[in-house]
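Thanks, everyone. I'll take you through one chain this morning, from the overall build down to single residues. Please have the viewer open.

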Amino acid sequence: MNIIAVAVLLILLNCRSLCICTAQRLLVNMTVVRNAPAIGAFCLDGSLPAYHLHRGFGVGARNWILQFEGGGWCNDLQSCSERAKTRRGSTRYMNKQEVFSGILSNNASLNPDFYNWNRVKLRYCDGASFGGDAKFDNGTSVLYFRGQKIWEAIILDLLPKGMGQARKALLSGCSAGGLSAFIHCDNFAKILPNASVKCLSDAGFFLDEKDVSLNHTMRSFYANLVTLQGVEKNLNKNCTNFFSNNPKLFNHILVPPSADLLGQWKSCKLNTAECNAKQINILQGFRGDMLVALRFFFKNSSQGGMFINSCFAHCQSESQDTWFAVDSPRIHNKTIAKAVGDWYFNRDVTKQIDCPYPCDATCHNLIPTALDARRFLNYLSESDLGGCEDCQARRHEENKSGIIKPMHGLGMGLWLLLCSLLGLGHFF
């Protein structure tokens, strides 16, 4: 059995009853899991969980991609109660059709390796990365923390629809969904013992570091989340045993609101051209710490892979223009789609590491002018693990650049998950 977890770290058919196809996009209808109550699977507000399935065809008819939807977390009764009244906590408020693009596209020219697979998007409505198993009921209000049960209910619904006979399978997700891919990778492989199972986490690998106010703000956030939603019992035991003194430690966000009460990072977070030299210095330091954390895997994993670019973007595998297009982000002229395909089909061992921001002109974000670029590129060093062999040449080339492109998306592809390093073998 081929069990490989893949982390893309970004700094790394039937068009009938189920879909409406247009020249521009593929819309796939929602499937509600009617049997979910039998195992106690509910969204935060008690509504039924759901997914979107677009059938594969031809040689891909027995291959499956499951994509976890992302969307942050809730860690106390107030935030979860508020979330329960939105599409992040209830299928009642979700769009009943979802656009399938990027890794979920059915177009061979836009998704050459996976276009004819069965592609599934798992809707996110529990607030704990499909990881919890608890319930709050005070007699007047009820909140269901049943992410683990939602995962199980969707799997039970898909197995008789052909997934039980899968030959190849890829479990993926972005951000909070990328964390879900880590949490459930081993279980997914056990569910499909006769399939080649691999897992991809796009921007779902989180470091435990101090935030910009030099506090471990997110430690308490996640400690509350894990306790409230009953997540710990569903985490990988090798990981939680390693962190026996603090099993709730599995995430970090660099600039939480509590660390930026004066809003000094607001402009930088919305537009990288607005970041000052000190802020860029902090971001480059965070990138360096990430590469150090991945050093052992980078040097010793023979089957895993990684694609760590320096773009200020989030969820690049789900967006067509960043996944595979004429102007998609590249490292050594390789797109994210090509890197993932090479890794999944064993065509090549892909461990692509970009040079530091802002030297990569293929990113879909603002690149500072030449003066700023020369200042920020001083952070290139041996700590980059030798991942960008042509950075010196690219320094000269990109220093001629001004503002290249409008910013695409928010967030940073270098936000990482810590526990995953210990429990899931190999990464991309």
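The chain folds into 13 helices and 15 strands. Keep in mind that this is a predicted model. There are 428 residues, and buried ones make up 57% of them. The accessible surface is about 17200 Å². Carbon and sulfur atoms account for 52% of that surface.

Let's go inside. Which residues touch the most other members of the largest nonpolar core? They are Leu66, Trp151 and Phe188, in a core of 50 residues. Several elements give two or more residues to this core. Among the strands are E4, E5, E7, E10 (168-174) and E11 (196-202). The helices are H2, H3 (176-191) and H4 (217-229). H3 gives the most, with seven residues.

Now click on Trp151. Setting aside neighbours within four places in sequence, Trp151 is in contact with Leu66 and Phe188, among others. The list also includes Phe68, Leu122, Phe130 and Leu171. His184, Asn187 and Ile191 are on it too.

There is a second core, separate from that one, with 21 residues. Leu283, Met306, Phe312 and Ile353 are among them.

Next, the disulfides. The model has seven. I'll show three.

Start with Cys174 and Cys315. Their sulfur atoms are 1.8 Å apart. The S-S torsion is about -90°, so this disulfide is left-handed. Cys174 sits in strand E10, and Cys315 in the loop between strand E12 (306-308) and helix H9 (320-323), so the link ties together parts 141 residues apart in sequence. Are these two cysteines buried or exposed? Cys174 is buried, at 0% relative accessibility. Cys315 is buried as well, at 18%.

Second, Cys185 and Cys199. The S to S distance here is 2.2 Å. The torsion is about 90°, so this disulfide is right-handed. Cys185 is in helix H3 and Cys199 in strand E11, so the bond ties together parts 14 residues apart in sequence. Both cysteines are buried.

Third, Cys268 and Cys275. The sulfur atoms are 1.9 Å apart. This link is right-handed, with 85° about the S-S bond. Cys268 is buried at 4% relative accessible area, and Cys275 is buried at 7%.

On to charges. Side chains of opposite charge can pair when their charged atoms come close. How many salt bridges does the structure hold? The count is 14.

Take Asp45 and Arg92. Their side chains meet at 2.4 Å, N to O. Asp45 is in the loop between strands E3 (26-32) and E4 (50-54). Arg92 is in the loop between helix H1 (77-83) and strand E6 (97-100). The two residues are 47 apart, so distant parts of the chain are linked here. Arg92 is exposed, at 55% relative accessible area. Asp45 is partly exposed, at 22%.

Now Glu69 and Arg87. The closest N and O atoms are 3.9 Å apart. Glu69 lies in the loop between strand E5 (63-68) and H1, and Arg87 in the loop between H1 and E6, so the pair ties together parts 18 residues apart in sequence. Glu69 is buried, at 7% relative accessible area. Arg87 is partly exposed, at 40%. These two also belong to a salt-bridge network. Arg88, Glu98, Lys121 and Arg123 are linked in with them.

One pair stays within a single helix. Glu152 and Lys149 both lie in H2 (residues 147-158), three residues apart, about one turn of the helix. Their closest N and O atoms are 3.7 Å apart. Glu152 is partly exposed, at 29% relative accessibility. Lys149 is partly exposed too, at 23%.

Last, some backbone details. Where is the cis peptide bond of Pro358? It joins Tyr357 and Pro358, with omega about 10°. Pro358 is in the loop between strand E15 (351-353) and helix H11 (370-376).

Then look at Ser129 and Asn333. Ser129 is not a glycine, yet its phi is positive, about 55°. Its loop runs between strands E7 (118-122) and E8 (134-137). Ser129 is buried, with a relative accessible area of 0%. Asn333 is not a glycine either, and has a positive phi of about 65°. Asn333 lies in the loop between strands E13 (330-331) and E14 (334-335). Asn333 is exposed, at 65% relative accessibility.

That's the tour. Over to you.

Conventions
Residues numbered from 1 in each chain as written. Predicted model: local features only at pLDDT ≥ 70, side-chain atom pairs only at ≥ 80, totals over all residues. Heavy atoms only, no water. Helix = DSSP H or I, 4+ residues; strand = E, 2+ residues; numbered from the N terminus. Buried < 20%, exposed > 50% of the residue type's maximum accessible area, 1.4 Å probe, protein only. Salt bridge = Lys/Arg side-chain N within 4 Å of Asp/Glu carboxyl O. Areas by Shrake-Rupley, 256 points an atom, 1.4 Å probe, with all protein chains shown as cover. Core = buried A, V, L, I, M, F, W, Y, C linked by side-chain atoms within 4.5 Å. Contact = heavy atoms within 4.5 Å. Disulfide = S-S within 2.5 Å.
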